[in-house]
Amino acid sequence: MSEPPAVSRRLLLGSAAATGALATGMGAAAPSASAAGRAPRRKPGQKSMIGVPFDVHGTVRVGVIGLGNRGGGMITGWAAVPGCTVTAVCDIRADRARSAADRLESKGNPRPAEYGGSADSYARMLRRDDIDLVYVATPWEFHYEHGRAALLSGRHAVVELPVATELRQLWDLVDTSERTRRHLLLSENCSYGRNELAMLNAAHDGLFGEITNGHGGYLHDLRELLFSDTYYTDSWRRLWHTRSTASFYPMHGLAPIAAAMDVNRGDRMTTLSATATAPKGLADYRARFVPRDHPSWKETYVNGDLVTCMIETARGRTIRAEHDVSSPRPYSRINTLAGSRGIVEDYAGPAPTGARVYVEPDHSGHTWRDFEGYRKEYDHWLWRKVGDDAANNGGHGGMDYVLQWRTVQSMRAGLVPDIDVYDSAAWCSAVPLSVTSLARGGRPVEIPDFTRGAWRERRPGLDSAPTDMPPLG
């Protein structure tokens, strides 16, 4: 085992049907704890992708699969990154591909090729020879299929949350990445949030002492959008609440905390236990605001309003990851990190940064302080470099564009990605493992070691060293 981190200067983180069966704990679909934790052997010739850099790309050519709310909103960001061009767009609805191409062309970008009209349109797009990176923004049940197909076609893939919904799918993405020598990255934009990256730097510098616990989540009142007839195509997201008990989407809060704890880089998540409240929120909203002739009245909701995952790590830390989109509440990702000498809490009130902090010896008197001074001190180099562009070119406060810029920069400069397939699989394993734990009355289940033992070695991740975007041609 490698040595623990050096002391810092201050001290002197399948398919819808198959998923539905797993989600309700039916039959053999839910693996045993020992099976969940066991790492299958690599096949002959298969090697780890840890530390493997991208090949150098003069220009990164992106193909997009899925042009609904998320995919349609991200295409202009990809096209705005220096040295990146969107060469092809695809959606099962051909009119969306056409609209996306129109929008890019109207902004002065080369018009991308259009694919659509059938469920296999993406396969036809992947036969092109002018795509280096595939961005997947389809509904959850298709992420595994589309991400895997991108790897098998010889492309790198950036996949929206979650990259897969079953353990066997997560393992297959790890193995496929290792066999094809192509990277698959979770499009975890919140890991690139300004507060989150400053928190990461502060934690690694020892501001909070020895880190002991963290708390993150995705708390977002989506009830109005879930019952909209137009926002989520074919109501795909609401329908997940009728067939799965999973914590669908905790990664926005889990990933930044795991990064601050050096998960997969000196520590790893070992067990998960889940609890869930009763599924009351969606039915209550429907009763008050949805007409009786709406198709949702034929639905029964089984997903708990608040699903909480308690995660333990090999180094004895705990992470509490939550998911709630069914309750009336202000938006929050929680984003709390605590240690032996202090704590930071995000989404905590009217302070300029939205975050508050209390650390010794700087503070005393049991009084919170604003995080602003520390955010300036620990501001990540990515935000110092592209913060202004991020605000102009990306949603969610600019972190979408920071993720896109960093991905393209890593490919153009031939760098190792900040987030790899092992991080992606570990963070997304909360989806199927929460189901298994709930089916077992909340008992802990083992979290697989997707790195197959390599988690013990320290290596960079989101705490990357400053680098420049290579100059254009």
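**Entry 1: strands 11 to 13**

I began at glutamate 345, which stands opposite arginine 356 in strand 13. The model I am reading is a predicted one. Strand 13 covers residues 356–359, and 4 bridges join strand 12 to it, the two running antiparallel. I then looked at the partnership of strand 12 with strand 11. Strand 11 (residues 336–339) and strand 12 (residues 342–345) are also paired in the antiparallel sense, over 4 bridges. Here I noted threonine 336 opposite glutamate 345. Glutamate 345 therefore turns up in my notes with two partners, because it stands opposite threonine 336 as well as arginine 356, and strands of a sheet pair through backbone hydrogen bonds.

How many residues make the hairpin link from strand 11 to strand 12? I found that 2 residues join them.

**Entry 2: the parallel sheet**

I next traced an open sheet of 6 strands, in the order 3-2-1-4-5-6, with parallel pairing. Which strands stand at the edges? They are strand 3 (113–116) and strand 6; each has a single partner strand, so one side of each is left without a neighbour in the sheet. I recorded an average turn of 20° between neighbouring strands of this sheet, direction ignored.

Within the sheet I checked one pair by residue. Strand 1 (residues 60–65) pairs with strand 2 (residues 84–91) in the parallel sense, over 6 bridges. In this pair arginine 61 is set opposite threonine 85 of strand 2.

**Entry 3: helix 3 against helix 4**

I looked up the packing of helix 3 (residues 69–80) on helix 4 (residues 94–106): the angle is about 35° and the axes are 10 Å apart. Their crossing is right-handed. Helix 3 contributes Gly72, Ile75, Thr76 and Ala79 to the contact, and helix 4 contributes Ala100, Arg103 and Leu104. I sorted the residues of this contact into 4 nonpolar, 2 polar and 1 charged.

**Entry 4: helix 6 and aspartate 172**

I went through helix 6 (residues 143–152) for burial. I count it as largely enclosed by the rest of the structure, because 7 of its 10 residues are buried. The buried residues are His143, Tyr144, His146, Gly147, Ala149, Ala150 and Leu151. Their cover includes strand 1, helix 5 (121–125), strand 4 (133–136), strand 5 (156–159), helix 7 and strand 6. Just after helix 6, I noted a positive phi of about 90° at glycine 154.

From there I turned to aspartate 172, placed in helix 7 (residues 167–180). Is aspartate 172 buried or exposed? Its relative accessibility is 17%, so I list aspartate 172 as buried, the cut-off being under 20%. Leaving aside neighbours within four places in sequence, aspartate 172 is in contact with Tyr144, Arg148 and Arg179. Tyr144 is one of the buried residues of helix 6.

**Entry 5: helix 8 and tyrosine 192**

I repeated the burial check on helix 8. Of its 11 residues 8 are buried, so helix 8 is largely enclosed by the rest of the structure. I list Asn195, Glu196, Leu197, Ala198, Met199, Leu200, Ala202 and Ala203 as buried. These residues pack against strand 7 (211–219), helix 11 (251–260), strand 11, strand 12, helix 13 (372–378) and helix 14 (381–393). Just after helix 8, glycine 206 takes a positive phi of about 90°.

I then stepped back to tyrosine 192, in the loop between strand 6 (184–186) and helix 8 (194–204). I count tyrosine 192 as buried because its relative accessibility is 5%. With residues up to four places away in sequence not counted, tyrosine 192 touches Leu197, Leu382, Trp383, Met399, Val402, Leu403, Arg406, Asp418, Ile419 and Leu462. What joins the side chains of tyrosine 192 and aspartate 418? I found a polar contact of 2.8 Å. I also checked tyrosine 192 against isoleucine 343: they are 151 residues apart in sequence, and their C-alpha atoms are 20 Å apart.

**Entry 6: alanine 276**

Last, I looked at alanine 276 in strand 8 (residues 269–276). Alanine 276 has 39% relative accessibility and so counts as partly exposed. I noted contacts with Gly304, Leu306, Val307 and Leu438, not counting residues up to four places away in sequence. Alanine 276 is 57 residues from leucine 219 in sequence, with 14 Å between their C-alpha atoms.

Note on methods: Residues are numbered from 1 along each chain as its sequence is written. This is a predicted model: local features need pLDDT of at least 70, side-chain atom pairs count only at pLDDT 80 or more; totals for chains, interfaces and linings use all residues. Side-chain values use heavy atoms; hydrogens and water are left out. Buried means under 20% relative accessible area, exposed over 50%, partly exposed in between (1.4 Å probe, protein chains only). Contact means heavy atoms within 4.5 Å. A polar contact is a pair of N or O atoms within 3.5 Å; within protein, one must be able to donate a hydrogen and the other to accept it, and residues adjacent in sequence count only if both atoms are side-chain atoms. Axes are lines fitted to C-alpha atoms, for helices over the stretch in contact, and angles run from 0 to 180 degrees between N-to-C directions. A crossing is left-handed if the near helix is turned anticlockwise from the far one by less than a right angle, and right-handed if clockwise. Ala, Val, Leu, Ile, Met, Phe, Trp, Tyr, Cys and Pro count as nonpolar, Asp, Glu, Lys and Arg as charged, and the others, Gly among them, as polar. Two strands pair if DSSP finds at least two bridges between them.
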